[in-house]
Amino acid sequence: MQQWVVEIVYDTLSGNKKTEESFYLPTEEDVRAAVAKKNGYVLSIRPHVRSPIERLLARSTWWQVQLLRGIQFRATSVSSPGVALWRIIEAETNPKRQNILAPAREALSRGLGIIDALKALNIFDHGTLAILAGSEKANKLAEGIPHAIHSITQKKKNSRAIMGTMGWLGFDVITIVQSLFWGKDLVLGWFRGNAPTNPAELERYNYVVNNLELTWDILIYFAFFIGAFMIWAVISFFLNKGKKDWPTARVVRKIPLIGSYLRDLGFSDSMMAASRMIKGLVPINESLYQAGQSTTSPEVAKYWHTANEDLERGISLGNALDKEPLTHSERMELASLSDLDQVATILESVAEMRASSAKTKHSLIVWLAFALTGVFLVIAFGSAIYALTVMNISMDSMMGGLIEGI
């Protein structure tokens with residue numbers, strides 16, 4: 001399904017009337033058919049593209065939470081959550097928000113349900129939509145909205161922690177690279193300007209200076225590569241938010257510690273979503289299916305879909321869930337299931353263990369990154385100090401010469 005912006009001409013008693021309308025349909029042919037039913041003529045059709053401001057507003061946690069709270073509040077006084085969403089859309093007067101809500105308006109006007117309308121907005125992640133879809137199937141969408149809001153805010157905290165770490169590391173890398181980039185010519189220029197006159201010593205001197213230059217060039221290019229990769233990853237994750245898989249995500253998941261960290265987050269979110277759906281009396285097979293839909297990690301999604309397939313083949317729930325990539329302790333807990341009442345509690349326990357593991361890995365990533373930047377700094381300035389000791393030049397004389405040159 002796609003939102004289309006269409007220029008249409010209608011024949012009226014006062015002449016031709018040109019208008020611009022939006023449609024939420026699969027293809028351009030469907031749009032032309034819909035316009036023909038309204039006795040109009042299509043002038044142009046283009047896919048709707050949100051402006052950067054609209055994209056930022058739509059994907060902000062504040063906007064998502066406010067929309068869900070509005071549905072929950074109005075659903076208590078109207079017949080259904082779908083009607084509540086329709087009234088929110090009708091009451092909106094801000095043009096940017098009207099553009100954001102346009103796909104949901106079109107979906108509701110064509111008789112689709114509230115979950116289809118929320119999916120059409122393309123602002124919620126898979127985990128949030130899975131919780132809402134499971135609650136809606138149990139006819140308890142209003143009760144499921146607080147769980148969805150908690151999921152959104154928790155993921156916001158995780159994202160803030162990741163972005164804070166990447167921002168601090170980026171600052172470290174930029175600072176070090178600037179020091180090397182701007183200081184390289186100054187230091188190497190001083191070295192070459194103070195070369196010995198003895199031919200034997202000059203050959204050794206140039207050998208050390210050339211090795212120092214090569215070392216700094218490698219460090220600078222490596223730092224530029226890491227910085228470019230980090231910027232590319234952040235932009236790619238922002239632009240592809242909501243997608244199941246894309247090239248950048250596959251590359252990031254192959255980084256050993258980061259890959260296991262993202263897998264732990266995926267299991268924590270999906271396990272918690274499954275637990276909440278089961279507590280909301282959603283059928284177990286639907287809960288497993290929606291848990292698989294709630295994550296962007298292919299490995300985690302495959303686990304849930306395989307478990308659901310095993311359950312459909314008649315395998316017991318405990319054995320269906322007892323499989324890799326769960327740890328031995330998690331599998332022991334799931335294998336001990338004796339009745340359905342224990343499922344939600346055990347899944348919630350596993351989710352908490354995975355969240356704790358993800359927190360530990362996050363701390364390890366931070367400290368490891370700091371250690372690597374320290375090693376980078378030691379190599380950068382240690383190589384210069386080593387060159388000074390090899391050439392029997394004191395640090396005081398070098399600094400004095402540099403200050404005089406400046």
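The following dialogue explains how to read several features of a predicted model.

Student: What kind of model is this, and how are its values obtained?

Tutor: The model is predicted: local features need pLDDT of at least 70, side-chain atom pairs count only at pLDDT 80 or more, and totals for chains, interfaces and linings use all residues. Residues are numbered from 1 along each chain as its sequence is written, and side-chain values use heavy atoms, with hydrogens and water left out.

Student: How is a nonpolar core recognised, and which residues of the largest one touch the most other members?

Tutor: A nonpolar core is a set of buried Ala, Val, Leu, Ile, Met, Phe, Trp, Tyr and Cys residues joined through side-chain atoms within 4.5 Å. Buried means under 20% relative accessible area, exposed means over 50%, and partly exposed lies in between (1.4 Å probe, protein chains only). The largest core here has 36 residues, and Leu-67, Ile-71, Leu-85, Leu-118 and Phe-124 touch the most other members. At least two residues of this core come from each of α3 (61–75), α4 (81–91), α5 (95–109), α6 (114–121), α7 (126–137), α8 (141–193) and α11 (256–279). Such helices (H or I, at least four residues) and the strands (E, at least two) are DSSP runs, numbered from the N terminus. Another core, of 22 residues, lies apart from it; among its members are Ala-291, Ala-307, Leu-337 and Leu-347.

Student: With which residues is Leu-67 in contact, leaving aside neighbours within four places in sequence?

Tutor: Contact means heavy atoms within 4.5 Å. With those neighbours left aside, Leu-67 is in contact with Leu-85, Ile-88, Leu-101, Leu-121, Ile-123 and Phe-124.

Student: What span should helix α13 have, and which of its residues are buried?

Tutor: The expected span of a helix is 1.5 Å times one less than its number of residues. Helix α13 (residues 298–312) has 15 residues and should therefore span 21 Å; its end C-alpha atoms are 21 Å apart, which agrees. An α-helix has 3.6 residues a turn, so residues three or four places apart point the same way. In α13 the buried residues are Val-300, Ala-301, Tyr-303, Trp-304, Ala-307, Asn-308 and Asp-310. After α13 comes Gly-314, whose phi is positive, near 100°.

Student: How many salt bridges are counted, and where do they lie?

Tutor: A salt bridge is a side-chain nitrogen of Lys or Arg within 4 Å of a carboxyl oxygen of Asp or Glu. By this rule there are ten salt bridges. In one of them, the side chains of Lys-38 and Glu-21 meet at 2.7 Å, N to O. Lys-38 is in the loop between α1 (28–37) and β3 (40–47), and Glu-21 is in strand β2 (residues 15–25), 17 residues apart. Lys-38 is partly exposed, at 40% relative accessible area, as is Glu-21, at 22%.

Student: Are the partners Asp-264 and Arg-354 buried or exposed?

Tutor: Asp-264 is buried, with a relative accessible area of 3%, and Arg-354 is buried, at 4%. Their side chains meet in a salt bridge of 2.5 Å, N to O. This pair links helix α11, which holds Asp-264, with helix α16 (residues 341–390), which holds Arg-354, 90 residues apart. Asp-264, Glu-330, Arg-354 and Lys-361 are linked in a network of salt bridges.

Student: Where is Phe-376 found, and with which residues is Phe-376 in contact?

Tutor: Phe-376 is found in helix α16 and counts as buried, at 11% relative accessibility. Leaving aside neighbours within four places in sequence, Phe-376 is in contact with Ile-176, Leu-180, Leu-219, Phe-222 and Ala-223. The C-alpha atoms of Phe-376 and Ile-176 are separated by 8.5 Å, although these residues are 200 residues apart along the chain.
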